[in-house]
Amino acid sequence: MSLADPALLAVGLLVAAALAWTAVAIARRRAAALAAAGVAAASPGRGPGRGRDRARLGGVWFTIAGIAVLAIAVAGPTASVPVSRASGTVILAMDVSGSMAATDVAPSRLAAAKRAALKFVNAQPHSVDIGVVAFQQGGLEAALPTADHATAAAAVGRLRTGGGTSLGDAILASLSAITHKTVTVGRNGSAPDIGYWPSATVLLFSDGQDQAGATSGSDASLEAAAAVAEKAGVHIDTVGVGTTAGTTVEVDGYHLFTALDVSTLTSIAQATGGTYHPASDASELNGIASSINLRLTVTHEPLPLAGAFIALALALLATGAVLTVARTGRVV
């Protein structure tokens, strides 16, 4: 149990201690007066006077106990209780390379991916933090993970196409957003230890065309990045945006043929324990939100206890008042 304001507890207990000391002092003074008057000769516990005194003192002690418990209540006690819920972090890794301007998925691959990503954001509970990473040749955090889903939705809405594609950099940028520190792969392709993040998921929207990772200059960067995610327990679910038949798109004045690379996206998902979602048209993309499985985690949330202590304090105070009134006819 923790206290929001221990100082209030200290003050309340001091008041209760002072009242207890006063009650003892008065009881001793009364006993001395009775002894001087010759009443002390009566056997302990006998006689109507003794019964009334004990009842009155019992009321006083119940009242003092109620004040002490009330002091705990005003200090703001809370307890930490485990709560099971669907929580964690989801990073939307959005491919914004030039090939995503292709129109084999209407109105364009990027537009369809954005629409599906926004639907996914709107379907998530507030216990899920959502971040956005836009990637071309290099990953760029468009929005850090946050429970404010409006921020993630706004970041998705701002995405525009341009440049090449580096899926390896997209994965590393997503892991950086999850861990809040820069994640890189060693020159020899070794996977760094970034800890274990089983409640984190990367949802990668792409046509799967990888133009060699910018971090290492070779296709091996994709495998190394996937190995980092797998070691950290981060699942990567991939969404294939486009068609295997492909189409031609204009990039920097050149007409380039582009088609969906299913094998690359499938291998990324399988390497990290995720799932590949084929989405050859907008209607299939719209169903992605309901097919992503977020993991249940146990978190500890504060449980306010002030109400319970107040109820106990009131019960003690009421008992003290009843005993005092019933035996003496007075409140104090």
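**View 1. Serine 174 counts as buried, with 0% relative accessibility.** This close-up comes from a predicted model. Serine 174 sits in helix 5, which spans residues 167-179. Setting aside residues up to four places away in sequence, Ser174 touches Ile91, Ala93, Val133 and Val202. Leucine 92 is a long way off along the chain, 82 residues from serine 174, yet the two C-alpha atoms are 8.1 Å apart in space. The serine 174 side chain also reaches back to the backbone oxygen of alanine 170, at 2.9 Å.

**View 2. Arginine 109 pairs with two aspartates, Asp104 and Asp207.** Side chains of opposite charge can pair when their charged atoms come close. Here the N to O distance is 2.8 Å for the salt bridge between aspartate 104 and arginine 109, and 2.9 Å for the one between aspartate 207 and arginine 109. Aspartate 207 belongs to the loop between strand 6 (200-206) and helix 6 (220-231), while arginine 109 is in helix 3 (residues 109-123), so this pair ties together parts that are 98 residues apart in sequence. Shared partners join Asp104, Arg109 and Asp207 into one salt-bridge network. Both aspartate 207 and arginine 109 are buried, with arginine 109 at a relative accessible area of 0%. The salt-bridge count for the model comes to two.

**View 3. A nonpolar patch on the surface is made up of Leu8, Leu70, Val74, Ile310 and Leu314.** Together these residues offer about 410 Å² of accessible area. Helix 2 (48-74) and helix 9 (306-328) each chip in at least two of the patch residues. Leucine 314, found in helix 9, is exposed, with a relative accessible area of 54%.

How values were computed: Residues are numbered from 1 along each chain as its sequence is written. This is a predicted model: local features need pLDDT of at least 70, side-chain atom pairs count only at pLDDT 80 or more; totals for chains, interfaces and linings use all residues. Side-chain values use heavy atoms; hydrogens and water are left out. Patches are made of residues with over 30% relative accessible area and no salt bridge: like charges are joined within 9 Å, nonpolar side chains (Val, Leu, Ile, Met, Phe, Trp, Tyr) within 5 Å. Accessible areas come from the Shrake-Rupley method with a 1.4 Å probe; for residues, only the protein chains shown count as cover. A salt bridge is a side-chain nitrogen of Lys or Arg within 4 Å of a carboxyl oxygen of Asp or Glu. Helices (H or I, at least four residues) and strands (E, at least two) are DSSP runs, numbered from the N terminus. Buried means under 20% relative accessible area, exposed over 50%, partly exposed in between (1.4 Å probe, protein chains only). Contact means heavy atoms within 4.5 Å. A polar contact is a pair of N or O atoms within 3.5 Å; within protein, one must be able to donate a hydrogen and the other to accept it, and residues adjacent in sequence count only if both atoms are side-chain atoms.
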